[in-house]
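Subject: Structure handover

Hello,

Here is the structure I promised to send over. My notes on it follow below.

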Amino acid sequence: RRRHDDGDKGRKAFSEQESWEEQQIRKSQLQFGAKDRGHAGDEYELVFEDAVEFVKSAAMAGTEPEDDTDELAEEIDAKVMLQRELQDQRKTLPVYKFKDELLKAIAEHQIIVVVGETGSGKTTQIPQYLHEAGYTASGKKIACTQPRRVAAMSVAARVAQEMGVKLGHEVGYSIRFEDCTSEKTAVKYMTDGMLLREFLGEPDLSSYGVVIVDEAHERSISTDILLGLVKDVARFRPDLKLLISSATLNADKFSDFFDMAPVFKIPGRRYKVGIHYTVAPEADYVDAAVATVLQLHVTQPPGDILLFLTGQEEIETVEEILRRRTRGLGSKIAELVICPIYANLPTELQAKIFEPSPPGARKVVLATNIAETSLTIDGISYVVDPGFSKVKSYSPRTGTESLLVQPISKASADQRAGRSGRTGPGKCFRLFTEHSYKEDMEDETVPEIQRSNLASVVLSLRALGINDLVSFDFMDPPPSEGLLRALEDLFALGALNSRGELTKTGRRMAELPLDPMLAKAIVASERYGCSEEMLTVASMLSAGNAVFYRPKDKALIADAARQRFNAGGAGDHVALLNVYTEWEQSGYSAQWCVDHFVQSRTMRRARDVREQLEKLLERVEIERRSCAGDFDAVRKAVTAGFFRNTAQRRRDGFYRTLKTWRTVFVHPSSGLARVDPPPRWVVYHELVETTMEYMRQVTEIKPEWLVEIAPHYYQENNLDTPEPKAKAPHEQGAAVAAEKPSPSLNDFFNV
Ligand code: CDP
Ligand code: MG
């Protein structure tokens with residue numbers, strides 16, 4: 001009996017004599033009904049998979065489901081349609097035509113470099129091809145690493161959808177503090193940093209049959225280390241397949257690094273992109289960008305716009321301006337759908353950028369560098385490129401790492417322009433002059449490893465038993481000044497002994513996926529009996545800077561609410577602890593967050609992070625203890641990690657860092673910014689550089705703690721030495737123990 005034959009939507013099912021098939025069908029329908037109610041997640045998925053099977057077999061038998069299951073049937077129809085569409089889409093990707101050739105090449109060679117335009121299907125398809133071809137049959141997984149968290153999550157979601165499975169089952173992802181995989185997982189997208197961590201527990205990566213180092217051209221610090229490590233593993237694991245995949249065409253460097261590994265090129269479709277430059281340099285690129293987007297929207301034929309910005313705050317600003325300005329455009333102008341995308345955007349909102357724009361509307365995607373190669377957004381016809389990105393830079397001499405907005409490289413500018421020519425001819429509007437493109441911009445971006453604080457990397461490598469850093473196989477070695485600085489820092493933290501060997505403290509620190517200073521604070525908290533509290537502080541610090549919010553119309557109430565957490569003036573670390581503790585006592589209530597001007601998203605994240613850290617604490621056998629309100633214990637634990645970040649308020653009222661004599665200020669967001677008189681000695685979590693250098697997350701300490709906690713670093717008689725005048729400030733170390741047994745390069749390297 002076919003549904004469309006009788007056309008009757010009434011409930012007349014089963015009234016007539018049932019055939020055997022009909023009885024079977026009815027039974028299984030009843031089953032879905034029963035299982036379907038009140039179950040979430042997994043079970044529903046199971047039911048759904050059953051249902052798909054059922055519909056398929058019913059369709060084959062020429063029978064359609066009964067009327068009373070219309071809704072379910074329709075839902076299933078929609079899913080089946082979507083699947084078909086997805087499968088068709090997969091076949092249109094450039095890599096599809098080369099599937100067999102690629103699989104053959106992989107079968108014949110252990111290591112292959114795969115190169116193809118962004119959007120050719122490398123990230124989403126190749127792991128699926130390998131899975132389908134049986135590379136996971138033996139129970140070994142396929143790892144595909146991404147330099148960015150968002151990319152790992154969104155690509156995994158997409159692939160799960162294409163494979164018709166629930167995310168976290170056959171396809172999953174693993175990023176710091178979030179593991180969405182299960183025993184079933186065969187294809188695992190992960191950040192490069194996570195695979196690096198897995199080396200700690202599994203130095204031969206034996207649970208993986210294939211490792212794909214994806215987006216290798218990004219040259220993130222973790223990718224660079226991974227390249228060296230997997231190259232080594234491949235030597236003694238001939239069964240391991242290694243794919244290095246890269247978007248741009250400088251693949252030869254990767255091929256050279258892997259002893260002339262063959263390069264597999266996926267020829268891409270690339271349409272012509274018209275490049276337009278501004279005639280004169282722009283004074284304010286944000287203003288110029290907004291104006292350009294609006295102008296494109298009103299004057300140009302349909303096609304979405306992609307605007308590159310430098311970070312979340314900038315994106316939010318532009319989003320607000322665009323919303324305001326488009327409201328006044330009137331009904332004659334098409335709707336402009338604004339889609340932001342940056343690393344911390346909640347997952348629910350990320351999906352929005354992949355949705356096609358509604359008919360008649362135009363989409364503008366406001367993206368960080370993430371849209372340069374990591375994420376492919378279809379339908380972009382116009383790219384607006386201000387020519388800047390936020391990059392990390394590090395000064396080994398002062399030990400400060402900062403995020404600075406800097407001009408991008410030529411390679412980046414070209415890559416960005418190419419985003420507009422994927423589905424048809426595109427246009428790129430560069431908000432800089434042709435002259436500055438040709439004369440001022442660097443050809444390539446400097447690899448991250450050459451401009452970062454290496455303490456964390458060096459600690460991981462030491463934990464992996466790699467002691468000889470000079471002969472580690474770096475594709476581009478980091479400056480030796482930076483390596484030495486990292487070794488000194490780790491020595492000061494007690495992670496390495498004076499012979500440069502990993503200590504027990506260092507081993508524990510390496511297990512925690514945190515900056516070494518924060519890891520040290522947690523390890524030290526055991527001694528001060530406050531591991532519970534330090535765990536909370538660390539989780540809050542890792543969950544992001546947006547803990548409080550401050551609506552403009554309620555600024556004063558919000559400030560007061562915030563100041564309450566800092567009662568007693570103990571500082572920001574204790575304030576963060578207070579926020580979390582009160583939220584926990586409220587039963588993790590969202591309403592509590594609203595009432596106290598706290599961002600509930602940050603809190604939920606902090607809770608997740610805390611759960612992850614709790615498990616790790618168990619692993620490194622740190623006893624969980626609470627100091628029950630003895631905040632000095634917490635502040636001492638913080639000091640044990642951050643003693644190098646000490647500043648003293650001088651007679652002129654300015655804070656000066658103890659080590660390097662830099663003039664720094666308390667960040668206006670700090671609870672200590674409004675304390676009178678300001679504390680004399682403080683430790684801070686980090687320095688943020690804007691027009692001035694600000695200390696963020698500041699806590700008052702007692703100077704004698706420094707001597708007590710870090711005697712190898714500070715000595716009583718020289719803590720308070722007046723600042724010398726004659727020499728350049730950074731060359732002075734008057735406050736630092738003069739004879740500190742500083743390790744030398746020779747102590748560490750086997751040279
Ligand atoms: O890695 P590659 O740049 O070569 O391409 P990809 O990331 O595998 O993307 C291939 C296609 O998958 C894109 O053109 C998008 O249409 C689609 N895709 C998507 O719709 N949603 C995602 N989260 C990722 C990819
Ligand atoms: Mg990709």
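The UniProt entry, which is unreviewed, annotates residues 599–630 as "coiled-coil region". UniProt positions are given in the numbering used here, feature names are shortened, and annotations may be inferred rather than shown by experiment. Over residues 599–630 the chain is 62% helix and 0% strand, and the C-alpha atoms at the two ends are 27 Å apart. Helices (H or I, at least four residues) and strands (E, at least two) are DSSP runs, numbered from the N terminus.

Please keep in mind that this is a predicted model, in which local features need pLDDT of at least 70, side-chain atom pairs count only at pLDDT 80 or more, and totals for chains, interfaces and linings use all residues. Residues are numbered from 1 along each chain as its sequence is written, while chains are lettered from A and ligands numbered from 1 in the order in which they are written.

Ligand 1

There are 16 residues around ligand 1, of which K122, T123, T124, R158 and T376 come nearest; a residue counts as near if its C-beta atom, placed from the backbone, lies within 6 Å of the molecule or strand in question. Two elements, α6 (122–132) and α7 (149–163), give two or more residues each to this shell. The largest share, 4 residues, comes from α6. By class, the shell has 3 nonpolar, 10 polar and 3 charged residues. Here Ala, Val, Leu, Ile, Met, Phe, Trp, Tyr, Cys and Pro count as nonpolar, Asp, Glu, Lys and Arg as charged, and the others, Gly among them, as polar.

Helix packing

Two packed helices are described by the angle between their axes and the distance between the axes. Axes are lines fitted to C-alpha atoms, for helices over the stretch in contact, and angles run from 0 to 180 degrees between N-to-C directions.

Helix α20 (residues 531–542) packs on helix α24 (residues 600–619) at about 135 degrees, with the axes 8 Å apart. That makes α20 oblique to α24; angles under 35 degrees count as roughly parallel, over 145 as roughly antiparallel, 65 to 115 as roughly perpendicular and the rest as oblique. The crossing of α20 and α24 is right-handed, meaning that the near helix is turned clockwise from the far one by less than a right angle (anticlockwise would be left-handed). From α20, S531, L535, T536, A538, S539, M540 and S542 meet A606, V609, R610, L613, E614 and L617 of α24; two residues are in contact if their C-beta atoms, placed from the backbone, lie within 7 Å. These residues divide into 7 nonpolar, 4 polar and 2 charged.

Helices α22 (residues 572–585) and α25 (residues 631–642) have axes that come within 10 Å and cross at roughly 120 degrees. This makes α22 oblique to α25, and the crossing is right-handed. H573, V574 and L577 in α22 meet F631, V634, R635 and V638 in α25, a set with 5 nonpolar, 1 polar and 1 charged residue.

For α11 (residues 285–299) and α12 (residues 312–327), the axes come within 11 Å and cross at roughly 45 degrees. That makes α11 oblique to α12. V286, A289, V290, V293 and L294 of α11 make the contact with E314, T317, V318, I321, L322 and R325 of α12. By class this contact has 8 nonpolar, 1 polar and 2 charged residues.

Backbone details

D676 and P677 are joined by a cis peptide bond with omega of about -5 degrees. P677 is in the loop between β19 (663–666) and β20 (681–689). F177, in the loop between β3 (171–175) and β4 (178–180), is not a glycine but has a positive phi of about 70 degrees.

Regards
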